[in-house]
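Student: I should like a close look at a single part of this structure. Please take one region and describe how its pieces are arranged, with the reasoning behind each statement.

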Amino acid sequence: MGAATNNLRAKVTINTLRNLYQKQEPITMITAHDFPSAHVADAAGMDMILVGDSLAMVALGMQDTSEVVLEEMVLHCRSVSRATKSAFTIGDLPMGSYEIAPEQALESAIRVVKEGRVQGVKLEGGTEMAPTIERITRAGIPVLGHVGLTPQRQNALGGFRVQGKTTIGALKVLEDALAVQAAGCFAVVLEAVPAEVASLVTKKLKIPTIGIGAGNGCSGQVLVQVDMSGNFPPGRFLPKFVKQYGDVWGESLKAIEAYKGEVKSRSYPGPAHTYPMPPEEMNKFEQLVELKGV
């Protein structure tokens, strides 16, 4: 029951992603935070699965991503990796696990890969994080960069605001993307950046860009799985860039309400869901109970 199904799809590697980029075929990425969410994402054929620190909010009920700690990320990475047979898996380095020094970041990255069993790590930041990215990649760990809106730094940014809307802001996004590329990132996430800016940045880079709220000019796209599949009740805030492709909440609610109704009416479990006993054995059992006076 806890094992992933066999998958005939070839394992996605760094070379696979480079080939997709060279062929200009969009790279698909989605988040997962546990075994079931990774299982379905892998079965759907995702190229990459990100164990994002967004799990702080969507899986652990925290207020924002700054609350989640490295130990929790490692645990969720391990769960996701057990279900993922083909997709390339990435684990987020949470706030506080990589900013102090490159050596701290490398130690955290090693834990996420070694204990979390993922193939690479993601960290937020641009030019200022280049030495850290370089240190991790020198150790042979693939790094996915993340520039534009960096949620771990929302307090410094004044909230979840679109980045790169001015000439100076757009230039910073480009400079940050170029810096993480030079430091060794195999790809970079562009979050909440005007589509025109993201498209130009993509053209100036020699590595794939993965957009989230950055238009369709990027080399690929990523969304938070629970947002795009509709895991929460209607009325929950969703960023403008999220397209909801399903209604998991509605389907689950309907199923659980139906289960509740059948239990209350005693129509479940029925004969199809129970284990029968031969009548003669039941007879003997009843007689034995009578005999023992139980």
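Tutor: The account below concerns strand 2 and its surroundings, and then turns to the aromatic pairs.

The model is a predicted one. Strand 2 (48-51) has side chains on two sides: Met 48 and Leu 50 point one way, whereas Ile 49 and Val 51 point the other way, and all are buried. This can be set beside a general rule: in a regular strand the side chains alternate between the two faces of the sheet.

Strand 2 has a parallel partner in strand 1 (residues 27-31), and three bridges join the two. Within this pairing, Met 48 of strand 2 is the bridge partner of Met 29. Together with helix 2, strands 1 and 2 form a β-α-β unit that is right-handed. Strand 2 also runs parallel to strand 3, with four bridges between them. Here Ile 49 stands opposite Thr 89 of strand 3.

Strand 2 is also among the elements that cover the buried residues of helix 4; the others include helix 2 (35-43), helix 3 (55-58), strand 3 and helix 5 (102-114). The buried residues of helix 4 are Leu 70, Met 73, Val 74, His 76, Cys 77, Ser 79, Val 80, Ser 81 and Ala 83. As a general point, an α-helix has 3.6 residues a turn, so residues three or four places apart point the same way. The length of helix 4 (residues 70-83) can be checked as well: at 1.5 Å a residue its 14 residues should span 20 Å, and the end C-alpha atoms are 21 Å apart, which agrees.

Strand 3 leads to the aromatic residues, where the structure holds two pairs. In one of them, the ring centres of Phe 88 and Phe 186 are 5.8 Å apart and the planes stand at 70°; angles over 60 count as edge-to-face, so this pair is edge-to-face. Phe 88 belongs to strand 3 (residues 88-92), while Phe 186 lies in the loop between helix 8 (167-183) and strand 6 (187-191), so the pair ties together parts that are 98 residues apart in sequence. Both Phe 88 and Phe 186 are buried.

The rings of Tyr 259 and Tyr 268 have centres 6.0 Å apart and planes at 70°, so that pair is edge-to-face. Tyr 268 has a relative accessibility of 33% and therefore counts as partly exposed. A further ring has a charged residue over its face: Arg 236 lies over Phe 232, at 4.1 Å from the ring centre.

Technical notes
Residues numbered from 1 in each chain as written. Predicted model: local features only at pLDDT ≥ 70, side-chain atom pairs only at ≥ 80, totals over all residues. Heavy atoms only, no water. Phe/Tyr/Trp six-rings, centres within 6.5 Å; stacked < 30°, edge-to-face > 60°. Buried < 20%, exposed > 50% of the residue type's maximum accessible area, 1.4 Å probe, protein only. Lys NZ or Arg CZ within 6 Å of the ring centre and 35° of its normal. Expected span 1.5 Å × (residues − 1). Contact = heavy atoms within 4.5 Å. Pairing = 2+ DSSP bridges. Right-handed = clockwise from strand over helix to strand, strands pointing away.
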